[in-house]
Amino acid sequence: MAGDLPEAVKKEEKELKVKIIGKTHVKPNKKLGTKHYQLITFDLPYLAFYYNQKLILYGDNGGEVKFPETVEKLKDGLEMVLEPFHQLAGRLGKDEDGIFRVEYDDDMKGVEVAEAVAEDVALADLVAEEGTATLKELIPYNGILNLEGLQRPLLAVQITKLKDGIAMGCAFNHAVLDGTATWHFMRSWAEICRGAQDISVPPFLERTKARNTRVKLDIPPPPPQPSAANGDSTAPPPKPLKEKVFKFTETAINKIKSKVNSANPPTTDGSTPFSTFQSLSVHVWRHVTQARNLKPEDITVFTVFADCRKRVDPPMPESYFGNLIQAIFTGTAAGLLLMNPAEFGAGVIQKAIVSHDAAAIDQRNKEWESAPKIFEFKDAGMNCVAVGSSPRFKVYEVDFGWGKPESVRSGCNNRFDGMMYLYQGKNGGIDVEISLEEEAMARLEKDKEFVVENN
């Protein structure tokens with residue numbers, strides 16, 4: 001089952017000449033015994049997704065940050081933070097009834113940490129890079145399915161020395177945690193490395209408090225796959241897409257939001273103004289639909305993986321460790337989306353998000369539990385725009401003690417035509433990473449109304 005690299009691979013790949021110089025494993029610094037955590041309905045659908053990859057780029061402060069000392073500091077901090085986050089040092093397994101779970105014991109290897117060098121690669125070149133094919137050498141586990149967590153670490157890290165900086169590539173098993181939990185872990189690790197004796201917000205580890213239905217999945221384990229030095233699958237990549245990072249400033253976002261709300265001002269009838277997320281989402285959805293040259297009757301789907309921590313009953317804490325997301329799907333005909341003003345599409349998105357309350361979440365879970373279906377990333381919908389990550393994640397607060405990141409990106413995994421990742425911009429605003437078929441991307445790049453000017 002493991003094998004295919006996601007589609008987002010450029011035709012003209014640049015070789016970064018990254019050399020792996022060492023690989024070790026890091027375990028919690030205390031004996032914790034044996035622990036088991038059942039995977040629940042919110043986790044299980046993602047077993048056939050790929051590892052969730054993040055790349056964080058840092059400067060070296062004019063050469064003051066020394067690579068060997070930095071690697072040891074990161075490993076020491078990882079040992080400490082893995083005590084509360086010990087699930088990431090475990091493996092996937094099954095209980096006596098065949099129910100998937102996270103298993104941890106003190107004899108497991110722990111987190112995989114690779115050290116690498118790419119001393120001819122300048123930080124500025126990576127910050128300016130728009131595709132991910134070039135970046136993939138800096139992130140482990142390209143093309144590796146979450147189900148392979150039965151045999152592999154649930155977290156792999158690659159720390160690479162650049163000409164004038166450090167690249168930290170991380171691959172998290174997405175069947176074990178979502179974006180909110182991922183960035184909670186990263187901030188906690190950074191907190192320890194900055195000198196804290198303990199993390200400020202411990203993870204909430206009781207997954208079954210959110211859902212306790214035991215669902216048995218009969219999935220054959222993936223066959224052993226040949227892999228490269230950084231753990232990548234060596235299967236050939238499928239058809240390439242083109243990727244681009246569009247940077248929307250706060251001024252541009254305010255313009256988009258004002259325009260979407262201009263025909264729908266708040267009134268006494270209780271209507272709610274469109275949020276920043278809804279306004280930016282419909283802006284992207286409409287312009288991507290236009291760039292695809294769809295027929296008026298073609299259906300286009302908008303999908304968002306929504307955080308359900310505050311939506312479930314009872315609500316779960318923000319520190320809940322695991323997946324507590326659910327895909328929200330909505331759609332309309334391309335002609336309706338484009339011929340109507342932007343507030344029409346924003347209303348479609350808003351209605352879908354608002355209506356996804358505790359009752360809707362429970363109903364979706366019951367339907368899935370009665371007929372379990374393992375998602376693949378292509379299941380997001382036809383002619384879709386699908387949103388992952390969130391600008392609410394404070395990614396630029398992941399400071400290990402030598403400064404804030406210069407750039408934060410997603411890797412090659414879990415990309416397909418229409419996949420969009422939203423990140424907080426380094427200097428405000430929102431960065432929008434989009435993967436599209438090449439012809440559609442070429443049209444989007446020429447669309448002067450898509451990238452809104454600041455003045």
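The following is a conversation about a predicted model of one protein chain.

Colleague: How many helices and strands does the chain have?

Modeller: In this predicted model, local features need pLDDT of at least 70 and side-chain atom pairs count only at pLDDT 80 or more, while totals for chains, interfaces and linings use all residues. Residues are numbered from 1 along each chain as its sequence is written, and side-chain values use heavy atoms, with hydrogens and water left out. Helices (H or I, at least four residues) and strands (E, at least two) are DSSP runs numbered from the N terminus, and the chain has nine helices and 15 strands.

Colleague: Why is one side of β1 and of β13 left without a neighbour in the sheet?

Modeller: Two strands pair if DSSP finds at least two bridges between them, and in this open, mixed sheet six strands follow the order β1-β6-β7-β8-β3-β13. β1 (19-26) and β13 (407-410) stand at the edges, so each has a single partner strand.

Colleague: Which residue of β6 is the bridge partner of Lys23?

Modeller: β1 and β6 (residues 111-118) pair in the antiparallel sense over seven bridges. In β6, the bridge partner of Lys23 is Ala114.

Colleague: At what angle to β6 does helix α1 run?

Modeller: Helix α1 (residues 67-81) lies across β1, β6, β7 (155-162) and β8 (165-172). Axes are lines fitted to C-alpha atoms, for helices over the stretch in contact (heavy atoms within 4.5 Å), and angles run from 0 to 180 degrees between N-to-C directions. On that basis, α1 runs relative to β6 at about 165 degrees.

Colleague: Which element gives the largest share of the largest nonpolar core?

Modeller: A nonpolar core is a set of buried Ala, Val, Leu, Ile, Met, Phe, Trp, Tyr and Cys residues joined through side-chain atoms within 4.5 Å, where buried means under 20% relative accessible area with a 1.4 Å probe, protein chains only. The largest such core has 71 residues, and those with the most contacts inside it include Trp183, Phe185 and Phe400. Its largest share, eight residues, comes from α3.

Colleague: Why does this core lie between two domains, and which are they?

Modeller: Domain bounds come from an automatic or database domain assignment. The core lies between the two because both give residues to it, namely domain 1 (17-207) and domain 2 (239-444).

Colleague: What percentage of the residues in the chain is buried?

Modeller: The chain has 455 residues, and the buried ones include Val260 and Val288, which belong to another core, of 35 residues. Buried residues make up, of the whole chain, 58%.

Notes:
Buried < 20%, exposed > 50% of the residue type's maximum accessible area, 1.4 Å probe, protein only.
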